[in-house]
Amino acid sequence: SPRGPRWILADIAGFRLELVEGEANGASETVLLESPIIVGTRYNQTPEFTAQVRAVTLNPYWHVPRSIAVGEILPDVQKDPSWLARNEMAVFDRAGRRVDPGTVPWHELGRANFPYRLRQDWGPKNPLGRIKLEMPKPFDVFLHDTPKKELFARSVRTFSHGCIRVARMHDLAEELLAGQGWDRMRIEAAIEAGGRREIALRTPLLVHVTYLGAVVDPDGTVRFREDVYGRDRALAARLGLY
């Protein structure tokens, strides 16, 4: 039968992602891929949103959010200026010009005075791993690989600053690019060759990031998840159920 669109469902409360394909007539859905995910901490919660995935990037740069640059990286650099070079981090001014870190008065900078942007080069130290999905969105949140695979063994996976780390990101990229001449071997070869490479999707797809406090199994069993962000509790209170 003719196939319909594909989409990605990322369930924050279930720490799980699915790549789903539906029939053109909407009669059924097929889960093509499932993957554990890591989401934001209780203090840096992953928001619920829908966005369009337009490209797959191999060997992505990490453009450091200002909050992390000022709150976490700046204190490390003030203690040890060599921290930037060790972590393959580049410095840019507001105009986008690359700046020699040795010319920056790091000890004079702070939250109210930080006219720079930081970018970590691609490679094994990059927290985005080797693959990132490109999607315009209202939040600075995206789906990406990670070098810290050991955290997927935890049952409650709230470790990120808000972005979604995907355990099977290489498998997901293979699925998304399969119809464009990119098999697994070509993807891994391009990663090993080095250098950032963005591959536009011929057919962009939607990603729905949601928070499902309860799900129904195929046999009809209802399972309730731990309310890791307290969102269901807050809703129940507003409805007068508490």
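**Exercise 1. State the accessible surface of the chain and the share that belongs to carbon and sulfur atoms.**

Solution. The accessible surface of this predicted model comes to about 12,900 Å². Carbon and sulfur atoms hold 51% of that area.

**Exercise 2. Describe the chain by its elements, its buried residues and its contacts.**

Solution. Begin with the elements: the chain has five helices and 15 strands. Next take burial, which here means under 20% relative accessible area. Of the 242 residues, 45% are buried. Then turn to contacts with a separation of 6 or more: 61% of them join residues 24 or more positions apart.

**Exercise 3. Find the volume of the largest pocket and describe its lining.**

Solution. The volume is about 820 Å³. Its lining is made of 29 residues, and those closest to the centre are Trp-62, Ile-68, Pro-127, His-161 and Arg-165. By element, helix H1 (residues 66-79) gives the most to this lining, five residues. By class, the lining of the largest pocket holds 13 nonpolar, ten polar and six charged residues.

**Exercise 4. Which element gives the largest share of the lining of the second largest pocket?**

Solution. This pocket has a volume of about 250 Å³. It is lined by 13 residues, with Arg-6, Leu-176, Thr-203, Pro-204 and Leu-205 closest to its centre. Two or more lining residues come from each of strand S1 (3-11), helix H3 (169-177) and strand S13 (197-210). The largest share is that of S13, with six residues. To complete the description, sort the lining of the second largest pocket by class: seven residues are nonpolar, three polar and three charged.

Terms used:
Residues are numbered from 1 along each chain as its sequence is written. This is a predicted model: local features need pLDDT of at least 70, side-chain atom pairs count only at pLDDT 80 or more; totals for chains, interfaces and linings use all residues. Side-chain values use heavy atoms; hydrogens and water are left out. On a 1 Å grid over the protein atoms alone, a cavity is a set of points where a 1.4 Å probe fits but cannot get out, and a pocket is an open set with protein on both sides within 12 Å along at least five of seven lines; lining residues have an atom within 4 Å of a point. Grid points are joined across faces, edges and corners, and a volume is the space filled by probe spheres set on the points. Helices (H or I, at least four residues) and strands (E, at least two) are DSSP runs, numbered from the N terminus. Ala, Val, Leu, Ile, Met, Phe, Trp, Tyr, Cys and Pro count as nonpolar, Asp, Glu, Lys and Arg as charged, and the others, Gly among them, as polar. Buried means under 20% relative accessible area, exposed over 50%, partly exposed in between (1.4 Å probe, protein chains only). Contact means heavy atoms within 4.5 Å. Accessible areas come from the Shrake-Rupley method with a 1.4 Å probe; for residues, only the protein chains shown count as cover.
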